Amino acid sequence: MKNLIDIEQFHRFDNLGLVAHEVVEGFITGLHRSPFHGFSVEFAEHRLYNQGESTKHVDWKLFARTDKLFVKQYEEETNLRCQLVVDTSSSMLFPYTKGKKHLHNKLAFSVYTAAALIYLMRKQRDAVGLTLFSDEIEFHSSPRISSVNAEVMYGKLSELIQPENAGLRKTTNTTQVLHQIAENIHKRSLVIIFSDMLDSSKNEELFSALQHLRYNKHEVILFHVTDHSLEREFEFSNRPHKFVDLESGQVVKFNPSEVKQHYTNTVSAYFNDLKVRCGQYQIDLVEADINKDFKEVLFSYLVKRKKLY
């Protein structure tokens, strides 16, 4: 499964862990066939025993089956600590369809790619945690490599795409939440943010929150999640439309063609400013278009990880 369209065609895939497995394994297969095969994608739950080291953590049951010595790895041996941060505000439900399972919107894209990253990181023995936020932090788990922690994170992510949990009029306070995260993550970590970066705060306040993460020595990847054709290019049909603000409920009626030029210029100016600021703060900004494949997100993560380790 490469994208949201693939997942929509397989409604039986309600198990988010299974979906994450299919996404990642398909991605790895494609990576082996691509020019990027040099990336480390061979995983093991154990590492080979090195001659001369303590036999305290040797897995003797595995030795009995394979006649080879493998050492169990524990959390303190993890290569990387990662905190996934997902924006769950109502604007992330765009494009919104009332009463249906939300599989093709910004939140669903973020949920499935975050789940895939959890699976990928655990296979690499990396510790991963999850933070969900809107106008406040709704859920937080610190980075761990345990399977129990992974199941809890899959469960919380899965809840977000159920029709009964589609929370309209949930506002965003990205600025405050990012400051909280910067203060609460005590060990140096890779922070991966999924957000449309639509916030009522002033731009300078939002950029200051991003800078706070880097000031505390965290590495940051910001996946800017959008429906590119609708939100960036404003590709609506040439007829009157009713536009509803999913966070405030405010309704505006107009013909998109009448404001398209002004809208695209304004949006481009904001996101160009965001790109410049992220460059200044050494934050990796990745355009995550929900109409494209998950591989762009997964590959961006592997590139970052290879630079760090």
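**Helix packing and the largest pocket**

In this predicted model, the axes of helix α6 (residues 174–184) and α7 come within 8 Å and cross at roughly 15°. Angles under 35 degrees count as roughly parallel. That makes α6 roughly parallel to α7. The crossing of this pair is left-handed. On the α6 side, the contact is made by T174, T175, L178, H179, I181, A182 and E183. These residues meet E205, L206, S208, A209, L210, H212 and L213 in α7. By class, the contact of α6 with α7 holds 7 nonpolar, 5 polar and 2 charged residues.

Helix α7 (residues 203–215) also packs against α9. Here the angle is about 30°, and the axes lie 11 Å apart. α7 and α9 are therefore roughly parallel to each other. The crossing of α7 and α9 is right-handed, whereas that of α6 and α7 is left-handed. From α7, the residues in contact are N203, E204, L206, F207 and L210. Their partners in α9 are Y270, D273, L274, R277 and C278. The contact of α7 with α9 comprises 6 nonpolar, 1 polar and 3 charged residues. L206 and L210 of α7 appear in the contact with α6 and also in the contact with α9.

Helix α9 also takes part in the largest pocket. This pocket encloses about 1,300 Å³ of space. Its lining is made up of 38 residues. Closest to the pocket centre are F94, F243, V244, D245 and L246. Several elements give two or more residues to the lining: β7 (219–226), α8 (228–232), β8 (241–244), β9 (251–254) and α9 (256–280). The most comes from α9, with 6 residues. Sorted by class, the lining of the largest pocket has 18 nonpolar, 11 polar and 9 charged residues.

F94, one of the residues closest to the pocket centre, also takes part in a cis peptide bond. This bond joins F94 to P95, with omega at about -10°. P95 sits in the loop between β3 (81–87) and α4 (106–123).

A further backbone feature is found at D67. This residue is not a glycine, yet its phi is positive, at about 65°. D67 is placed in the loop between α3 (60–66) and β2 (70–72).

Definitions and conventions:
Residues are numbered from 1 along each chain as its sequence is written. This is a predicted model: local features need pLDDT of at least 70, side-chain atom pairs count only at pLDDT 80 or more; totals for chains, interfaces and linings use all residues. Side-chain values use heavy atoms; hydrogens and water are left out. On a 1 Å grid over the protein atoms alone, a cavity is a set of points where a 1.4 Å probe fits but cannot get out, and a pocket is an open set with protein on both sides within 12 Å along at least five of seven lines; lining residues have an atom within 4 Å of a point. Grid points are joined across faces, edges and corners, and a volume is the space filled by probe spheres set on the points. Helices (H or I, at least four residues) and strands (E, at least two) are DSSP runs, numbered from the N terminus. Ala, Val, Leu, Ile, Met, Phe, Trp, Tyr, Cys and Pro count as nonpolar, Asp, Glu, Lys and Arg as charged, and the others, Gly among them, as polar. Axes are lines fitted to C-alpha atoms, for helices over the stretch in contact, and angles run from 0 to 180 degrees between N-to-C directions. Angles under 35 degrees count as roughly parallel, over 145 as roughly antiparallel, 65 to 115 as roughly perpendicular and the rest as oblique. A crossing is left-handed if the near helix is turned anticlockwise from the far one by less than a right angle, and right-handed if clockwise. Contact means heavy atoms within 4.5 Å.
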